Amino acid sequence: MTNFTLRPALETESRAIKDLIHSVGINPMGVDWKRFVVVVNAQDQVIGIGQLKPHGKEILELASIAVYPEFRGQGIARAIIEHLLKDSPRPLYLMCESVNGALYEKFGFREIPYGEMPRYFQRISKLAGVVSTLARRDERLLIMKLQ
Ligand SMILES: CC(C)(COP(=O)(O)OP(=O)(O)OC[C@H]1O[C@@H](n2cnc3c(N)ncnc32)[C@H](O)[C@@H]1OP(=O)(O)O)[C@@H](O)C(=O)NCCC(=O)NCCS
């Protein structure tokens, strides 16, 4: 098991955050280090990340949850998610591929239908539908909400 610590990100970790996002292939937009928490190992290397990302004044998204493959399955994402949920206002939204839906259900998130999505997520959901149809992928984009 990895000995890990969770703390707010430092400005000097901006590059490490972007590298992890790039390496796991998740949304690279809106990646301001100030909103991030990081998990570091005993050598103080960033091995996991997450953030709460605002969209205007009303909408808050749990986003950029990622852990390097060699550190997965040890509760690092759980630690990040629980920390971010602790003091966050509700509702809280997230977007994820359907393969990760069960992970977020563990924390109380539920998939919402198109009609219940804020406009921001409706737009993305439509775009994702087109892209996945074109790419003939089995995965679908879920928009989930925590009340
Ligand atoms: C998804 C990801 C962040 C999980 O990180 P992790 O540190 O291995 O997760 P944890 O070990 O903290 O697991 C937390 C819980 O979720 C479960 N879990 C993890 N990944 C899961 C998945 N894809 N589907 C269902 N459950 C999952 C674990 O079994 C664990 O359950 P438990 O606490 O009840 O035993 C990691 O696999 C990753 O970085 N993936 C690539 C990036 C990505 O897809 N991020 C999500 C963007 S929406």
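Me: In this predicted model, which residue just after α1 takes a positive phi?
Reply: The model is a predicted one, and helix α1 covers residues 14–24. Just after this helix the backbone takes a positive phi of about 75°, and the residue that does so is Gly25.

Me: Within what arc do the buried residues of α1 fall, seen down its axis?
Reply: The buried residues in α1 are Ser14, Ile17, Leu20 and Ile21. Seen down the axis of α1, they line one face of the helix, because the arc within which they fall is one of 130°.

Me: Which residues on the other side of α1 are exposed, and which strands are included in what covers its buried residues?
Reply: On the side of α1 away from its buried residues, Arg15 and His22 are exposed. The cover over the buried residues of α1 includes strands β2 (36–40), β3 (46–55) and β4 (59–67).

Me: Which element gives the most to the largest nonpolar core?
Reply: The largest nonpolar core has 23 residues, and Leu62, Leu92, Tyr104 and Phe109 are those with the most contacts inside it. Two or more residues come from each of β2, β3, β4, α2 (76–86), β5 (92–97) and β7 (141–146). With five residues, the element that gives the most to this core is α2.

Me: From which domains does the largest nonpolar core draw at least three residues each?
Reply: Leu62, one of the residues with the most contacts inside this core, is in contact with Ile81, Leu84, Leu92 and Phe109, among others. The core draws at least three residues from each of domain 1 (1–89) and domain 2 (90–147).

Conventions. Residues are numbered from 1 along each chain as its sequence is written. This is a predicted model: local features need pLDDT of at least 70, side-chain atom pairs count only at pLDDT 80 or more; totals for chains, interfaces and linings use all residues. Side-chain values use heavy atoms; hydrogens and water are left out. Buried means under 20% relative accessible area, exposed over 50%, partly exposed in between (1.4 Å probe, protein chains only). Helices (H or I, at least four residues) and strands (E, at least two) are DSSP runs, numbered from the N terminus. The arc is that of the directions from the helix axis to the C-beta atoms. Contact means heavy atoms within 4.5 Å. A nonpolar core is a set of buried Ala, Val, Leu, Ile, Met, Phe, Trp, Tyr and Cys residues joined through side-chain atoms within 4.5 Å. Domain bounds come from an automatic or database domain assignment. Lists of a residue's contacts leave out its neighbours within four places in sequence.
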